[in-house]
Amino acid sequence: MATTTTMSHQAIGSIVSHRPFKASQFLKEPLNVPMKFRQKRFKIEATASQISLVDNTFLSPSKNRPQESKKKSNEAALILIRHGESLWNEKNLFTGCVDVPLTQKGVGEAIEAGKKISNISVDLIFTSSLIRAQMTAMLAMTQHRRKKVPIILHNESVKAKTWSHVFSEETRKQSIPVIAAWQLNERMYGELQGLNKKETAERYGTQQVHEWRRSYEIPPPKGESLEMCAERAVAYFEDNIKPELASGNNVMIAAHGNSLRSIIMYLDDLTSQEVTTLDLSTGVPLLYIFKEGKFMKRGSPVGPTEAGVYAYTKRLAQYREKLDEASQATLE
């Protein structure tokens, strides 16, 4: 089973993959240089000609960036959001890596999540390669008070990268790069994908289905265990997302129940037993502060009008004050 799943991930990775990066390293790699990704069990190779290189002006602090995005490197915000309800969530079907969109309820959940984080600076967004996570990220950002536009960066080919290039410096200042990565996809449920959860329990037994869904090491038929999902998700987080936080970039991740549980297991240093009891609600953001190499859990922002979460750090409070001042100046 493990071999089948590994081959599946290798195939996906060859289509939608991203090299480990830091903002300061963009545009420095020559084309056609072989590179290897660090993926413990999942080995992926690509050449730089297949990888999109993003302008430094998108991510690196410079004199051209807005004042509020110039950050101290010793603190950054990390926002985690599980996608809103999908059409297969509504139908009680195993979804896994099948790419289905949000329901109307899911759209509403994403918008409400956006309202809760509307006063928290977001410099960079990571999502899975699945539409329900990407919809959640995009809809959430429509509620942000800075009104920056999230732009999905395309790594499919050199042509895709070239054709999606933004030539306006001012427009880039008002944009947020969005990185889509298959490593953040939901756990692949194998032969359960598309099956009704209740009917599957009746067929195989409640205990068996419970083990497939909630155990750490047992995968469903031809699918991934939570442990296998954690290997790819955490490795991607360590190689790609943590360096951005260390550089002072505020990051939002819109992903899935199991890939986010895996990341939270890493952030909170949970055991394999503890993570199996962790549940994440759809469309509810969770906030962490990364400071001095450590992650501090701050829970879920309570809303755009309450002081709540913004009192946790001086920097978050100052960012909100600037938003309030800009809003008041516009009214005047």
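Here are two short exercises on this predicted model, each with a worked solution.

Residues are numbered from 1 along each chain as its sequence is written. Local features need pLDDT of at least 70 and side-chain atom pairs count only at pLDDT 80 or more, while totals for chains, interfaces and linings use all residues; side-chain values use heavy atoms, with hydrogens and water left out.

**Exercise 1.** Work out in which order the strands of the open sheet run, and which stand at the edges.

*Solution.* Start with the elements: helices (H or I, at least four residues) and strands (E, at least two) are DSSP runs, numbered from the N terminus. Two strands pair if DSSP finds at least two bridges between them. Following the pairs, you get β5-β6-β4-β7-β3-β8-β9, seven strands with mixed pairing. β5 (149-152) and β9 (294-299) have a single partner strand each, so one side of each lacks a neighbour in the sheet. Now zoom in on β4 (residues 124-127) and β7 (residues 251-255): they pair in the parallel sense over four bridges. There, Thr 127 has Ala 254 in β7 as its bridge partner.

**Exercise 2.** Find which element gives the most to the largest nonpolar core.

*Solution.* First, what counts: a nonpolar core is a set of buried Ala, Val, Leu, Ile, Met, Phe, Trp, Tyr and Cys residues joined through side-chain atoms within 4.5 Å, and buried means under 20% relative accessible area (1.4 Å probe, protein chains only). The largest core has 27 residues, and Phe 237 and Leu 245 are among those touching the most other members. The answer is α10, which gives five residues. As a check, 17 of the 21 residues of α10 are buried.

How values were computed
Buried < 20%, exposed > 50% of the residue type's maximum accessible area, 1.4 Å probe, protein only.
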